[in-house]
Amino acid sequence: PVVKYLADYKAPTHKIETVDLEFHLDDTQTQVFSKMKITPVNGNTLELNGEELKLKSVKVNGEEFSNYKEENEILTLTGLPSEAFTLEIHNEINPKANTALDGLYKSGGMFCSQNEPEGFRRITYFIDRPDNLSVFTTKIIADKKDYPFLLSNGNLIESGDLEDGKHFAVWNDPFAKPAYLYALVAGDLAVIEDTFKTKSGRDVKLQVFVDKGNEEKSHHAMESLKKSMKWDEKRFRLEYDLDIYMIVAVDSFNMGAMENKGLNIFNSAYVLASKETAEDRNFFGIESVVGHEYFHNWTGNRVTCRDWFQLTLKEGLTVFRDQEFSADLNSRSVCRINDVRNLKAAQFPEDAGPQSHPIQPKSYIEMNNFYTMTIYEKGAEVIRMYHTLLGEEGFQRGMDKYFELYDGQAVTTADFTHAMSVANDNYDFSQFRRWYDQAGTPVLDITTKYDEAAKEFTLTVNQSTPATPGQPTKEPFHMPFLLGLLDSAGNDMTLALKNRDDQNDLDRGLLHIKADTETFVFANVNERPVASLNRNFSAPVVLRSDLTDEDFVFLMANDNDDFNRYEAGQALALKNIHAMLKDENHQVDELFIKAWGSILNDNNIDEEFKAVCLSLPSMIDVAATIDIPNYRAIHEAKDKLFKLLANTYKLELASIYNDLSTERPFKVDAKAMGERKLRGFVLACLSTVEEHKELARECFKYATNMTDMMNSLSVMVNENLPGCQESLKEFYDKFKDQTLVMQKWLSVQASSCDDTTFDKVQELMKDEVFDMNVPNLVSALIGSFARNKVQFNHESGRGMKFIAEMIRKVDAINPQSASRLAGAFNDYRKMPADLKEIAKAELTAIVESDKTSKNVYEKLSKTLN
Ligand code: HT7
Ligand code: ZN
């Protein structure tokens, strides 16, 4: 397969100024007519991308043209005019056969498209790269009965009836855009409508299209859209620019959602929600994804990427924006904790494994493999660091400058840095730029010393970054490090640095870490302080410090930074789990048990924050610190600790459970969701206590919303509690016609660590609710099993052999879906020898097969290397 390099970037030879498209929709033989106005920039040879297309005819300036050849998915036209010309192409495509869901395809009875990053070339021949910005006009012709709605980007300018039961619609998008933002939808849909008045007084028509019968489940998405529009005006002063904004929900989709200009297409999982069918995390996810796609209108669409190596320019920035949106609308502390939990659970392992890459990669084989946690979530952390360094005002000045300089253009991450710098007195980001180029999670080793006589506190910070594929050595990063020194009453001391000039950010507690080793000496420190380090997770690093258990207990109770209150509890829990892994007779630290109990019994902490603070570190958090993790042992150690805590505090837990079980109206706000979250957590605790084994079944029977239902169902499945099988059956009978709910049912069963899970998954694959062609279902059943560390790494090797077989099967249908499953093998280098042997044989066979897609090839060849 061909490797593409950032260093090889060359500007396009031509510009497609406008393109008029005409579609004659048909399941297997859709006709596409494209008429492009093209300006030559450099030379008279034009290369157009085209994949899986049947070429019918080519005309230049109205005349048949035959000076072309088609090779390696490129249509090369030579001897073209050196002045502006028109190029007309007619080709045919087969949407029904498109199971890869890339380009134009069918989801249920509907036609829909997905063009990012390189799907448009599967619709027609084009300069399919983000630095070619064109004005698109689209005429869609289709059967009126089957496809009453015909949609594309921009404004509807004409529509009408045709012969033979057909009709047409013409859409024009006045904003020049790259082909990846192009969209087309045709279907027999239901729609809900609303309007939004922008800050300058324009009315924008809002529409959410869903399958008929799902209208009632689309209101939360509509409300989320209006909140997003309002928030972007208030926080970023950004107003929507078209007169219409449409969202379409589809069941077959490769990712969460897509920000096509004025016509977002969403995975139905991020649109549909009712209290009976969606969990709180789904309501939260819908708000955040609707926000994310909306925010792309400015960060992605108005200012786009020059090439796909710049993907984090739009994705890191837009994730930062959606995180801030969620934080402004919900609990800021809990949002930050959850964002970091997510980063540590998924991005840190990615950065420590075979797929590790900088947020701006230097090469790729298949771009679809680079929609990663690193580009998105670490990318957002990098944006957050600009924000921490410059403060909210300075950051906003930088954003204003970014739009002033680059609106309507395709630019690079260096351009973003430039805007941030010039808007802030030419702030020096030269060392900071290493975050774009170097992969791997930096480690900070911190030692502290208090000199009572001199009243000085010394903090020594040593940074190092492990080698990653292709990057054996690293240069130090510039990172913002937020710090507090707490006195014995838990108050933040006033900070004064003795040995350094960079005092200016000290009132914010901000230190700049730049060198491999930095020493900070604080003066006038009247008692030994407890240091609260890297507050709010200001730098995305692994922190190792000499803080004592007593310090962590103190921080859990007193830190003024909520993130570090949470983090201190995690650090203590982790220490205990490690000790239990070393010695199965280890007595859990009394200090930790007490501190956990104090949080549980603290009435001044809100429910959701309490639930996250009491949660134990994930299996991945524990495994991250072990060379060759034994997942079964980790699971058992965590389980033992959890049971100990639950049994120690069973009376208090039961009383909290009862308090939270009194009848209350169902609301989707932070308070109500927090209460349900804590109730679910407490239920999980109590279910491990002998006298409360029936509680989960009770909760399930009387549940009036999906959150309570899934909380109780997953506890029953994981602990194999009484009532589990009846509950699974009742759930199935009630929801078998609702695929989104069935995804939960499949996932909860495939995630159980129990050894019966393997056979269960084989059986579930035969169930009529499962369909290998739908990525959500593949992810819910096979993906959940692949992420089930205990069962994937089963001593017999059966778990990984099964996933290898599934990768092959799914790859023949949908390479993007298969490539995601292949991520299960990222732990390859950390496997015990016998499992590694099995994995090697399986992966080698896949990599060597000529049937393997480039998506899977790229992932697994890196894994084996
Ligand atoms: N910008 C989108 C990225 C994307 C995608 C979306 C749906 C299906 C396939 C896709 N490939 C890439 C999603 C986003 O970040 O908003
Ligand atoms: Zn995005």
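User: How many bridges pair strand E17 with strand E18?

Analyst: This is a predicted model, where local features need pLDDT of at least 70, side-chain atom pairs count only at pLDDT 80 or more, and totals for chains, interfaces and linings use all residues. Residues are numbered from 1 along each chain as its sequence is written, chains are lettered from A and ligands numbered from 1 in the order in which they are written, and side-chain values use heavy atoms, without hydrogens and water. Strands (E, at least two residues) and helices (H or I, at least four) are DSSP runs numbered from the N terminus, and two strands pair if DSSP finds at least two bridges between them. E17 and E18 (residues 203–210) are antiparallel, and the number of bridges is eight.

User: Which residue in E18 is the bridge partner of Ile 192?

Analyst: Ile 192 falls within E17, which spans 190–197. Its bridge partner in E18 is Val 208.

User: Which strands are the edge strands of the open sheet of five strands?

Analyst: The strand order is E17-E18-E19-E21-E20, with mixed pairing. An edge strand here pairs on one side only. The two edge strands are E17 (190–197) and E20 (257–258).

User: What angle does helix H2 make with E21?

Analyst: Helix H1 (residues 219–236) lies across E17, E18 and E19 (244–250), at about 20° to E17. Helix H2 (residues 280–295) also packs on the sheet, touching E19, E20 and E21 (263–267); contact means heavy atoms within 4.5 Å. Axes are lines fitted to C-alpha atoms, for helices over the stretch in contact, and angles run from 0 to 180 degrees between N-to-C directions. Between H2 and E21 the angle is about 150°.

User: Which residues coordinate the zinc ion (ligand 2)?

Analyst: Donors are N, O and S atoms within 2.8 Å of the metal (3.2 Å for Na, K and Ca), and sites may look incomplete because water is not among the atoms. Here the distances are 1.9 to 2.0 Å. The spacing of the donor residues in sequence is H-x3-H-x18-E. They are His 292 (NE2), His 296 (NE2) and Glu 315 (OE).

User: Is His 296 buried or exposed?

Analyst: Buried means under 20% relative accessible area, exposed over 50%, and partly exposed in between (1.4 Å probe, protein chains only). His 292 has 7%, so His 292 is buried. His 296 has 0%, so His 296 is buried.

User: Which helix gives the most to the largest nonpolar core?

Analyst: A nonpolar core is a set of buried Ala, Val, Leu, Ile, Met, Phe, Trp, Tyr and Cys residues joined through side-chain atoms within 4.5 Å. This one has 273 residues, and Leu 87, Phe 522 and Phe 731 touch the most other members. With 14 residues, the top contributor is helix H5 (residues 373–406).

User: What kind of aromatic pair do Phe 149 and Phe 209 form?

Analyst: Rings of Phe, Tyr and Trp (its six-membered ring) pair if their centres lie within 6.5 Å; planes under 30 degrees apart count as stacked, over 60 as edge-to-face and the rest as tilted. The whole structure has 44 aromatic pairs. In this one the centres are 5.2 Å apart and the planes make 70°, which is edge-to-face.

User: How many residues apart in sequence are the parts that Phe 149 and Phe 209 tie together?

Analyst: Phe 149 is partly exposed at 25%, while Phe 209 is buried at 1%. Phe 149 lies in strand E13 (residues 149–152) and Phe 209 in E18, so the pair links parts whose separation in sequence is 60 residues.

User: Where is Pro 117?

Analyst: A cis peptide bond joins Glu 116 and Pro 117, with omega about -5°. Pro 117 is in the loop between strand E11 (110–114) and strand E12 (135–143).

User: What is phi of Arg 237?

Analyst: Most residues other than glycine have a negative phi. Arg 237 sits in the loop between H1 and E19. Arg 237 is partly exposed, at 44%. Its phi is positive, near 60°.
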